[in-house]
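Biologist: Could you take me through one part of this model closely, namely the sheets and the loops that go with them? A little of the wider setting would be welcome too.

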Amino acid sequence: MASGYGQVSGSNQAEQGKNKMFVVAGSSIILVACVFAVTVSVSRHGADSSSGGGATLQTTSKSIQSICQPTDYKQECESSLVASGADNETDPKKLVQMIFDATIERVREGMNHSSLLQKAAEDPRTQKALEACNELLDYAVDDLRNSVEKFASMEMSRVGEAVDDLRVWLSAAITYQQTCLDGFENTTGDTAESMAKALNSSAALTSNTLAVVDEISSVLNSFQITPINRRLLSSEDEEFPAWVHGAKRRLLALSPEQIEPNVTVAKDGSGQFKTIAEAVAAAPDNSDQVFVIYVKEGVYQEYVQVDRKKMNLAMIGDGATKTKITGNLNFVDGTPTFKTATLGVVGDGFIMRDFGVENSAGAAKHQAVALRVQSDKSVFYRCQMDGYQDTLYAHTKRQFYRECTISGTIDFLFGDSPTIFQNCLLLVRRPLDNQQCICTAQGRKDRREATAIVLHNCTISADESLKPEQGRFLVYLGRPWKEYSRTLVVQSQIDDLIDPAGWMPWLGDFGLNTCFYAEVDNRGPGSDTAKRATWRGVKKVDLGHAQMFTVSHFIQGDTWLPATGVPFTPGLL
């Protein structure tokens, strides 16, 4: 999606054409009809279904066939619409909403199945995995509901913005279902198989819904329709969108003396609270105003969850090495990876500055998350995340990290969110003697997901613990956790610790042909790509392609980052 106003120029005829196009974009019904216009005609492809549903194609209405044409699971799409009574429905908007509704219903069925299995489960690890499933599937339903509401209320001036949101939220719904299944690693019995079967239909329908929205996005791009409220703002721009509340403006640009917190946390009792969790609980629910929690210097040994109702929460510390929250939950001791986080952030619009988050479990405990983030349009500025395996779980939705330090050993920056790390430092720590180090493990499951890990103007270097023995351990930029894993390293400093191959396989040839790994305009002794892995998924892209993975384009940062006051580079250097 292009950014900026895209001012109209040229003849009056061209300008009239542009105005007509915005009228088309203004009607969500006509907009969805564009999906019909660009799909291949049913008469030519009616028998072509990736799900082998030829008989179904001949018996369903042309409207259903057309709306399901862009999807990968056509039979599932058509059968769900037929079951919803859509045989005689011709309104494309209503058909898309029916797909959303059917998807929500399938996910709910998965939740019910998980609850039933949890009652019967005896293995503690299985019980915890099912408990996590219930939470994750609830997040999926929530994002699907938000998507339905966004789709139903798309406005002329914000069509592009709405589609951006839909792609992010639907990608998250896919990820939550997959994370549920990932939690059954090392469990006993057939519970994992049972849950996979229960979520098969919901996963297919969520993918289908994303395919339809992706088709709308393609239509907008082909017509060069840009949301007229979007404009490129630099970090020095003093203007803000009308929706930005004064309390949020420039918060991250203020000095500690200028910030007026709503509450203060101090271990010595000089604030309203002694623990961070108590301060988070005191924040209002579903607030559109920023609630600022100032946490004084100290090490806070606790676990904090910023749930989805705690929106627009800001957590400000005295420095990344001065104010720190620490915990040690880990996989080896029986906690699912998703639940090991010292700090979990779900509520949208989260801001953190001058703060440290740690999981101190150590390399021997394997998966042990310091920070897990699901907060859409969240910002982390001058923060530090320390751990070993799985330090930072950039789980879902748009995230921006600026001037942060992330340390670890294996997959220490992982997840399936659209996330950009800018001017950050990745420090590779010394692993166990039998381990290799991998900086990233991106988890894109569906080829249409709007997700990737992007390192822009970052530095990848050895931690002091690794430097004396750097030659003993292999270190890689990343490996494909899921089939469509996508990671880009752009205009960054790569030190000499990275293996010449650059990228490491996950297992055999899994994901090697479907992943998307790219290095663009990097520097340093480790940036030489002459001996990089030669899988099909390791791409050579130019600066023009890399531009699509910048702050402005990939996370639409020009619409929301300026208000926070965090410095950022909207495009390439």
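Modeller: Happily; what follows begins with the whole chain, moves to the sheets, and then turns to two loop residues and some helix packing.

Please keep in mind that this is a predicted model. The chain has 14 helices and 26 strands, and 59% of its 573 residues count as buried. Its accessible surface comes to about 22600 Å², with 47% of that belonging to carbon and sulfur atoms. If we take the contacts between residues at least 6 apart in sequence, 72% of them join residues at least 24 apart.

Now to the part you asked about. One open sheet is built from eleven strands in the order 1-2-5-8-11-14-17-20-23-25-26, and the pairing is parallel. Strand 1 (263-265) and strand 26 (538-539) are at its edges; each has a single partner strand, so one side of each is left without a neighbour in the sheet. At the strand 1 end, strands 1 and 2 pair in the parallel sense through three bridges, and there Thr264 stands opposite Tyr294 in strand 2. Strand 2 (residues 291-295) is mostly covered, with four of its five residues buried. Further along the order, strand 23 (residues 486-490) pairs with strand 25 (residues 516-520) over five bridges, again in the parallel sense. In that pair, Val490 is set opposite Val520 of strand 25.

The other sheet to look at is also open, with seven strands in the order 4-7-10-13-16-19-22 and parallel pairing. Strand 4 (304-306) and strand 22 (475-478) form its edges, each pairing on one side only. On average, neighbouring strands of this sheet are turned by 10° against each other, direction ignored. Within the sheet, strand 7 (residues 343-345) and strand 10 (residues 371-373) run parallel and are joined by three bridges; Leu343 stands opposite Leu371 in strand 10.

Two loop residues deserve a look as well. Most residues other than glycine have a negative phi. Asn457, which is not a glycine, has a positive phi of about 55°. Asn457 sits in the loop between strand 20 (452-456) and strand 21 (459-462), and because its relative accessibility is 18%, under the 20% limit, it counts as buried. Asp521 is not a glycine either, and its phi is positive, at about 55°. The loop that holds Asp521 lies between strand 25 and strand 26. With 48% relative accessibility, Asp521 counts as partly exposed.

For the wider setting, let us turn to helix 7. The axes of helix 7 (residues 92-120) and helix 10 (residues 191-198) come within 9 Å and cross at roughly 160°; the two helices are therefore roughly antiparallel to each other. The crossing of helix 7 past helix 10 is right-handed. Here Gly110, His113, Ser114 and Leu117 of helix 7 meet Thr191, Ser194, Met195 and Ala198 of helix 10. Helix 7 also packs with helix 8 (residues 124-152) at an angle of about 165°, their axes 9 Å apart, so helix 7 and helix 8 are roughly antiparallel to each other too. In this case helix 7 passes helix 8 in a left-handed crossing.

Technical notes
Residues numbered from 1 in each chain as written. Predicted model: local features only at pLDDT ≥ 70, side-chain atom pairs only at ≥ 80, totals over all residues. Heavy atoms only, no water. Buried < 20%, exposed > 50% of the residue type's maximum accessible area, 1.4 Å probe, protein only. Contact = heavy atoms within 4.5 Å. Areas by Shrake-Rupley, 256 points an atom, 1.4 Å probe, with all protein chains shown as cover. Pairing = 2+ DSSP bridges. Axes fitted to C-alpha atoms, helices over the stretch in contact; angles between N-to-C directions. Parallel < 35°, antiparallel > 145°, perpendicular 65-115°, else oblique. Left-handed = near helix turned anticlockwise from the far one by under 90°.
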